[in-house]
Amino acid sequence: MTSSLADHLRALPDDGLMALIRLRPDLVIPPPSDFSAMAHRAQSRVAVARALDGLDTFTLEILDALRYTRVGHTTSVEAVLALTAAAGVEAARVRSAIDLLRSYAVVYGQDQALRIAGAVDEVSSPYPAGLGRPADELDPMAGALAADAAGLRRTLMAAPPAARAVLDRLAAGPPVGTVTPASLQPDSDSPVRWLIDRHLLVTVGRDAVELPVEVSLVLRRDAGPLGQLHPDPPPMDTPQREPAQLDRAGAGQVLELVRNAETLIETIGAEPPAVLRSGGLGVRELRRYAKTVGVDEPTTALLVEIVTAAGLLGEEIVDNKRVESVFLPTVAYDAWRAGGIAARWHRLAVTWLTMTRAPSMVGQRDGRDRPINALAPELSRPGAPAQRRAALRVLADLPPGATAAPSAVVDTLAWRAPRRVFRSASAGVGASLAEAAYVGLTGFGGLTSYGRLLLEELAAGAVDADDPLGLHAPEGGALTGSAALLDTLLPAPVDHVLLQADLSVIVPGPPEASLAGELELLGVQESASVYRITADTVRRSLDAGYSAADLHALLARRSRTPVPQTLTYLIDDMARKHGGMRIGSANSYVRSDDESLIAEVLADRRLQPLALRRLAPTVLACRHTPARLLEALREAGYPPVQEDATGAAMLTRPKVRRGPPRPSWAHRGVEDPAAGVRLSTPRLAGVIEQIRRGDAAARVARRAPVTVRANGSGGSHTEALEVLQQALRDRTRVWVGYIDAHGATASRLVRPVSMGSGYLRAEDERTEMLHTFALHRITAAVPENEGS
């Protein structure tokens, strides 16, 4: 029979150890040296609290029952079954809860002698099952009343309604309550004073009272000594919808999310905002982006946090001396934008599920009464991913198509993990569900089919949340899993447009990547599916290298409606003017074959700050750079083109700036370093083998001779060398005491292989390793037979 947790762990088979480590990976991070170290770690306050945090209300109630029925250091399953039977709970459910506690190594041992792991009492309520201490420990008079069963019942029956209400509240647990000092005064007429005078309550401080356990048991006579147990979660109101309805609603929100994220990043890239000294995004910029994207400020803050955590938005230092930075799109944004809508959504959804940020707190006040900005360090919440996934898992456990209100989700979470205090965090759970709806994981309050699949992928470790560039995506870019399922729900990408007489372009669906690039260059986006072609956009296309014939062919190929005559005239007119004016460096110059155009530019008052000077009827010189001259002429409405030293036109697309992403650890993570760690079976087997070898070595070391462990008290250094030489000749094992690299005394049972050049080389047959000892560090040597 095991008497310690270390012995229990040592006796477990490899399968049992693997199951324990999968439930509590923190026990082997880093790997312990032996089972004693593992048991010590498993019974630490932090490790026990982490294990209990994952248990539901009923399992914790059974743990309280084990603590209540404990006699000395052990309890029994039969004692708990006797108590739970009074509450009407099936024995199979109680045994299942005890088996769960065993699987977490919170309790261990045989059914007749169950032991509770250390630190459980330290991190749990000091009143198991909500029962107080015996009356005779609290007050002799209360003990005398408790000893008289008939007198105790008569006193309880005589209690006035207000006093009985106090008793019932304390009997439900915990048995200690605080009161005002005035209610404890001898002349007080409060119900608490009445109970104290009748010895039903005992004062345990200046403002606290405690209900003796004997009184609680009488008050719990209907429910049993353990009180009201909760083997099942609270019932949920789950209105049913067609699963296809939820999928359609979610898919529509997916399109909105991807479009808004792209609009936000493009707006930031066009005019990069400065990074605040606190590390966040300014309030004015957030408001401006909210108007541009067309959503409210909280939703914009959520978008900013997601795209930054996804590595699509980063920051770049623009002034090393002042340490000033700006937010910029990253190179990963270009790769993300080139993908399909389902792939882009998948990246954003996985990021939201795994990032350790709380966007709902943007705009609230911090500890110094200052507003919290988006992307500020104050938004970091390590428990955010666990809270999001826990809320969605409640919906995932419902049948497909079932919906639930946020309050019902909070109630269920409060039963599933009461120690996490999800009930007090109901606002956070509500915010998580609202964010899930915006991300497109839910629709009408229910989980979508692809959202359910994504949660399964995350739980199975099939999703790499730290792959912003998609380097580990399937070959050929093929969609898999939840992304592939979502792709079947989205409208197919279109490769055509509908041209209107007012020069608007209607895109009847999500555009293909090539069409999206052409529309971005040829038009300006007015809404989700409407672009407009203007003189500026036509000039922009000509600047990028398109000719008039190219644009006519492009529109004829892409449009399913006739090309408006006004658009044809606009393109021809802009192409005729385009390139009629050339810019070079003289510092810079303007030349044109049209003398009247040169005269017009020279007389234009808007261009007077350029200080243009006429060198010839067709040439003007300028002291500014070609880039500055080109910008000024375009702002004035002229269509110039820059040329190189040979006179060839320089047609280029506008350059976009890109910055490095923010460190991923600042946005994505898990509740603690051990949570979310997935150990493969081979790795687990290696860790267990390492622990077993270390445990065997530690046990052997504890049996080493005292003369070896006493740091050289077993004889002189010369005698130790003689023992080693004899063991080398006889090929026998010997105990070696030595000083390790850290200056600590150590001992090892080895078989010498060779000795020379100041070193001893010996083999440890248990670990099958060859060790090298410096001779000057060896303090003692004793043959194995003398040390046993």
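The radius of gyration is a number taken over the C-alpha atoms of a chain, and a simple rule for a globule multiplies 2.2 Å by the number of residues to the power 0.38. Let's try it on the structure above, which is a predicted model. For a compact globule of 788 residues the radius of gyration would be near 28 Å, yet this protein has 38 Å. You can also picture a box drawn along the principal axes: the C-alpha atoms fill roughly 115 × 90 × 50 Å.

What is the chain built from? Counting helices and strands, the protein has 34 of the former and 24 of the latter. Of its 788 residues, 45% count as buried. Now take the contacts in the protein with a separation of 6 or more: 66% of them join residues 24 or more positions apart.

Let's visit a few residues, starting with Leu348. You'll find Leu348 in helix α19, which covers residues 341-354. Is Leu348 buried or exposed? Its relative accessible area is 1%, and buried means under 20%, so Leu348 is buried. Which residues does it touch, once those up to four places away in sequence are set aside? They are Leu257, Ala261, Ile306, Val307, Ala310, Leu312 and Trp336. Gly383 is 35 residues from Leu348 along the chain, and the C-alpha atoms of these two are separated by 19 Å.

Compare that with Ala431, in helix α22 (residues 426-439). Ala431 has 17% relative accessibility and therefore counts as buried, the cut-off being 20%. Along the chain, Ala431 and Pro406 are 25 residues apart, while their C-alpha atoms are separated by 9.2 Å.

Next comes Asp695, a residue of helix α31, which runs over residues 681-702. With a relative accessibility of 3%, Asp695 counts as buried. What does its side chain reach? It gets to the backbone nitrogen of Phe35, at 3.3 Å. Phe35 also turns up among the contacts of Asp695: leaving aside neighbours within four places in sequence, Asp695 is in contact with Arg10, Ser33, Asp34, Phe35 and Ser36. Look at the numbers and you'll see a residue of α31 meeting a stretch from Ser33 to Ser36, plus Arg10.

Now for the backbone. Most residues other than glycine have a negative phi, and most peptide bonds are trans. With that in mind, here are some spots to look up. The peptide bond that leads from Ile29 to Pro30 is cis, and its omega is near -5°. Pro30 sits in the loop that links α2 (14-23) and α3 (35-42). A second cis bond goes from Gly173 to Pro174, with omega near -5°. Where is Pro174? Look in the loop between α12 (161-171) and β4 (176-178).

Phi has its own surprises to offer. Ala129 isn't a glycine, but its phi is positive, near 60°. Ala129 belongs to the loop between α8 (120-123) and α9 (135-138), and at 13% relative accessibility it counts as buried. Phe444 also has a positive phi without being glycine, this one near 55°. Its home is the loop between β9 (442-443) and β10 (446-447). Is Phe444 buried, exposed or partly exposed? At 47% relative accessibility, Phe444 falls between the 20% and 50% cut-offs, so it counts as partly exposed.

Finally, let's look for holes. Rolling a probe the size of a water molecule over the atoms shows where empty space is left. How many cavities of 30 Å³ or more are there? The count comes to one. The volume of the largest cavity is about 100 Å³. Its lining is made by 13 residues, and Val497, Leu519, Leu522, Leu555 and Arg558 are the ones nearest the centre. Sorted by class, the lining has ten nonpolar residues, one polar and two charged. Which helices each supply at least two of the lining residues? They are α25 (513-522) and α27 (548-558). Of the contributors, α25 gives the most, namely four residues.

Note on methods:
Residues are numbered from 1 along each chain as its sequence is written. This is a predicted model: local features need pLDDT of at least 70, side-chain atom pairs count only at pLDDT 80 or more; totals for chains, interfaces and linings use all residues. Side-chain values use heavy atoms; hydrogens and water are left out. Buried means under 20% relative accessible area, exposed over 50%, partly exposed in between (1.4 Å probe, protein chains only). A polar contact is a pair of N or O atoms within 3.5 Å; within protein, one must be able to donate a hydrogen and the other to accept it, and residues adjacent in sequence count only if both atoms are side-chain atoms. Contact means heavy atoms within 4.5 Å. On a 1 Å grid over the protein atoms alone, a cavity is a set of points where a 1.4 Å probe fits but cannot get out, and a pocket is an open set with protein on both sides within 12 Å along at least five of seven lines; lining residues have an atom within 4 Å of a point. Grid points are joined across faces, edges and corners, and a volume is the space filled by probe spheres set on the points. Ala, Val, Leu, Ile, Met, Phe, Trp, Tyr, Cys and Pro count as nonpolar, Asp, Glu, Lys and Arg as charged, and the others, Gly among them, as polar.
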